[in-house]
Amino acid sequence: MKVDVLLGLQWGDEGKGKVVDVLTPNYDVVTRFQGGPNAGHTLEFDGQKYVLRSIPSGIFQGGKINIIGNGVVLDPLLFKQEAQSLAESGHDLTKRLYISKKAHLILPTHRVLDAAYEAAKGAGKIGTTGKGIGPTYTDKVSRNGVRVGDVLGDFKAIYAAAKAKHETILKGLNYSYNIDELEKEWFEAIEYLKQFNLIDSEHVINNYLKSGKSILAEGAQGTLLDVDFGSYPFVTSSNTICAGACTGLGVAPNRIGEVYGIFKAYCTRVGSGPFPTELFDETGETMRRIGHEFGAVTGRSRRCGWIDLVALKYAIMIDGVTKLIMMKSDVLDDFETIKACVAYKIGDKEVEEFPFEINDSIEPIYAELPGWKTKMSSMKSEDEFPEEFNNYISFLEQELGVPIKIVSVGPDREQTIIRYTEEEEE
């Protein structure tokens, strides 16, 4: 068996949670392989709305095993709040959720460090969510991290040593703080965490593969936020690309199967950083309003713009995408004209490759297509698609070189249309 991987191809917020939920019935195991509680995956079904931060989005499909992998950074307090909220709504996780012992813990002082570093940057701030993600990954790389498995040993001593290092840094930054109450709640959450299955996830996952179990790996954020290949330095602190699934779960590259790449029919971004196709006019505001473009975790409004095929082709190349999934097609229902960026103009040159640096000097070059001017949200099959929408899909497939297999026409799990080729129908 192989591990299929599901990734966002833009700057995050593509709708990964919904699609994982839709695909989960086809798998035995769903895993998260990177990121932390800065990633909010929104799911809607049966008239209810859920926002997941650290727990894999396969948790709602009964009987499926869900694993938080070693590449994830976990805040015990936020995890406890999330798990208790799901338990109150009838979703008991204790027997179906496993957590890697090698996942790193976000400490209370990591949150303080996050705020202190952002404050020190002034106008050059990255726009983090303030959840302590970056400082936790920094400690991981510098070999000063605290891991989930440490809670089974002399944890108070391990915690005290890490906290002391952070306090020295904060003193040097002259940053005032008080974490007494947060720390008390955090340690209560550590005790709560111990009731879950804390596992050597790399062994468990590979044994599942050997036994023939199917696995879906769920990415967080998006490819353009990858620490190596994203719009650096306005990126996250982990590898959000397909290769991150190997290191974030402990599986070999030859174990990767299908790679599902998710993108919106337009484009959004939260926080600071370059965005070549960003719209500052009524069109961008309309996208934001109709698409309810506000962060699931932070509530921050998302910047909106036309789809960027230069960036999307780059993401497809880096990730080795085999199947595409287009989200929020219905947001563009009322537009007379749909634009797609097919190249960048940089100085007097026209380029089609994603450059080393993205900045305000880039001018997007657009192709224009007629809009479909049809309400898509009630459609149940691709047979109902208007001609203009089919033309938009064909245009994208030709430009991107990968088939679009799933089209989302609304937030509910039922508003998902799977497209079939003639061979598949036979």
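A salt bridge is a side-chain nitrogen of Lys or Arg within 4 Å of a carboxyl oxygen of Asp or Glu. The exercises below use this rule and others on a predicted model.

**Exercise 1. Salt bridges across the chain**

Task: Decide whether Glu258 and Lys323 form a salt bridge, and state which strands hold them.

Solution.
Step 1. The closest N and O atoms of Glu258 and Lys323 are 3.9 Å apart. The cut-off is 4 Å, so the pair counts as a salt bridge.
Step 2. Glu258 belongs to strand 11 (residues 256-264) and Lys323 to strand 15 (residues 323-327). The pair therefore ties together parts that are 65 residues apart in sequence.
Step 3. Glu258 has a relative accessibility of 28% and counts as partly exposed.

Task: Find where Lys102 and Glu202 lie, and say how exposed each one is.

Solution.
Step 1. The two side chains meet in a salt bridge, with 2.8 Å from N to O.
Step 2. Lys102 sits in the loop between strand 7 (97-100) and strand 8, whereas Glu202 is in helix 7 (residues 201-210). The two residues are 100 residues apart, and the pair links distant parts of the chain.
Step 3. Lys102 has a relative accessible area of 34%, which is partly exposed. Glu202, at 19%, counts as buried, because the limit for buried is under 20%.

**Exercise 2. A salt bridge inside one helix**

Task: Explain how Arg288 and Glu285 are placed relative to each other in helix 9.

Solution.
Step 1. Arg288 and Glu285 form a salt bridge whose closest N and O atoms are 2.5 Å apart.
Step 2. Both residues are in helix 9 (residues 282-290), three residues apart, so about one helical turn separates them.
Step 3. Arg288 is buried at 15% relative accessible area, while Glu285 is partly exposed at 37%.
Step 4. Elsewhere, salt bridges that share partners join Asp13, Lys264, Glu293, Arg302 and Lys328 into one network. By the salt-bridge rule, the count comes to 20.

**Exercise 3. Two helices in contact**

Task: Describe how helix 10 and helix 11 cross, and list the residues that make the contact.

Solution.
Step 1. Two packed helices are described by the angle between their axes and the distance between the axes.
Step 2. The axes of helix 10 (residues 309-319) and helix 11 (residues 387-400) come within 10 Å and cross at roughly 55 degrees. This angle makes helix 10 oblique to helix 11.
Step 3. The crossing of helix 10 with helix 11 is right-handed.
Step 4. Helix 10 contributes Leu309, Leu312, Lys313 and Ile316 to the contact, and helix 11 contributes Phe395, Leu396, Glu399 and Leu400.
Step 5. Sorted by type, the contact residues are six nonpolar, no polar and two charged.

**Exercise 4. The surroundings of helix 4**

Task: Name the buried residues of helix 4 and the elements they pack against.

Solution.
Step 1. In helix 4 (residues 133-141), the buried residues are Ile133, Pro135, Thr136, Tyr137 and Asp139.
Step 2. These buried residues pack against strand 6 (73-74), strand 8 (104-105), helix 3 (108-121) and helix 5 (155-172).
Step 3. Helix 3 contains Tyr117, which is partly exposed with a relative accessible area of 31%. Neighbours within four places in sequence aside, Tyr117 is in contact with Pro135, Ile169 and Leu173.
Step 4. Tyr117 and Leu173 are 56 residues apart in sequence, and their C-alpha atoms are 8.4 Å apart in space.

**Exercise 5. Unusual backbone angles**

Task: Locate Asn174, His292, Arg143 and Pro233, and state the backbone feature at each.

Solution.
Step 1. Most residues other than glycine have a negative phi, and most peptide bonds are trans.
Step 2. Asn174 has a positive phi near 55 degrees. Asn174 is in the loop between helix 5 and helix 6 (180-193) and is exposed at 72% relative accessibility.
Step 3. His292 has a positive phi near 50 degrees. His292 is in the loop between helix 9 and strand 13 (303-305), and its relative accessible area of 60% makes it exposed.
Step 4. Arg143, just after helix 4, takes a positive phi of about 65 degrees.
Step 5. The peptide bond joining Tyr232 and Pro233 is cis, with omega about 5 degrees. Pro233 lies in the loop between strand 10 (215-218) and helix 8 (243-249).

Key:
Residues numbered from 1 in each chain as written. Predicted model: local features only at pLDDT ≥ 70, side-chain atom pairs only at ≥ 80, totals over all residues. Heavy atoms only, no water. Buried < 20%, exposed > 50% of the residue type's maximum accessible area, 1.4 Å probe, protein only. Helix = DSSP H or I, 4+ residues; strand = E, 2+ residues; numbered from the N terminus. Contact = heavy atoms within 4.5 Å. Axes fitted to C-alpha atoms, helices over the stretch in contact; angles between N-to-C directions. Parallel < 35°, antiparallel > 145°, perpendicular 65-115°, else oblique. Left-handed = near helix turned anticlockwise from the far one by under 90°. Nonpolar A, V, L, I, M, F, W, Y, C, P; charged D, E, K, R; others polar.
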